[in-house]
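Let's take a walk through this structure together. Have a look at the model first, and then we'll go through it piece by piece.

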Amino acid sequence: MHIFFRVWRGLSKLSFLNIVLASLVIILTGTLVGHWVEPETFPSLFDSFWWTMTTLTTVGYGDFFPSSVGGRWLGIFLFLFGIGIIGALIGKLVKSVRRFNG
């Protein structure tokens, strides 16, 4: 549990631009690797993008899901790292809006 607090503290110290760039890298990585590893499950890049975004935002409609070991490892990666980065991005956005509104 101590490790998660250290990681969160480190994420909170990153600049907004760095968090945006990390979010884009994770989204692009999830989209491209998902399409490459499971072309039958994700026949288009948009299908892979859709699955990546529903996984990152923890919506998980279940319309697409990986069936191979490689695809499931990608899903685990997105669960662990993507959700944290997206959470940090949303936190930074809320903080900047709150600061802007007074």
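What follows is a short tour of a helix, a core and a loop.

Keep in mind that you're looking at a predicted model. A good place to start is α2, which runs from 16 to 37. With 22 residues at 1.5 Å apiece, α2 should span 32 Å, and its end C-alpha atoms do sit 31 Å apart, which agrees.

Now, which residues of α2 are buried? They are Ile19, Ser23, Ile26, Ile27, Gly30, Thr31 and Gly34. If you look down the axis of α2, these buried residues fall within an arc of 125°, so they line one face of the helix. Swing around to the other side of α2 and you'll find Leu17, Leu28 and Trp36 exposed.

Two of those buried residues lead us on to the core. Ile26 and Ile27 belong to the largest nonpolar core, a set of nine residues that also takes in Phe42, Trp51, Leu56, Leu74, Leu78, Ile85 and Ile86. Two or more residues each come from α2, α3 (45–56) and α4 (69–101), with α4 giving the largest share, four residues.

Leu78 is a handy residue to click on here. Leaving aside residues up to four places away in sequence, Leu78 touches Ile26, Gly30, Trp51, Thr52, Thr55, Leu56 and Ile83.

Finally, hop over to Ser15, in the loop between α1 (2–12) and α2. Is Ser15 buried or partly exposed? Its relative accessibility is 35%, so Ser15 counts as partly exposed. Ser15 and Lys92 are 77 residues apart along the chain, yet their C-alpha atoms are separated by 8.7 Å.

Note on methods
Residues are numbered from 1 along each chain as its sequence is written. This is a predicted model: local features need pLDDT of at least 70, side-chain atom pairs count only at pLDDT 80 or more; totals for chains, interfaces and linings use all residues. Side-chain values use heavy atoms; hydrogens and water are left out. A nonpolar core is a set of buried Ala, Val, Leu, Ile, Met, Phe, Trp, Tyr and Cys residues joined through side-chain atoms within 4.5 Å. Buried means under 20% relative accessible area, exposed over 50%, partly exposed in between (1.4 Å probe, protein chains only). Contact means heavy atoms within 4.5 Å. The expected span of a helix is 1.5 Å times one less than its number of residues. The arc is that of the directions from the helix axis to the C-beta atoms.
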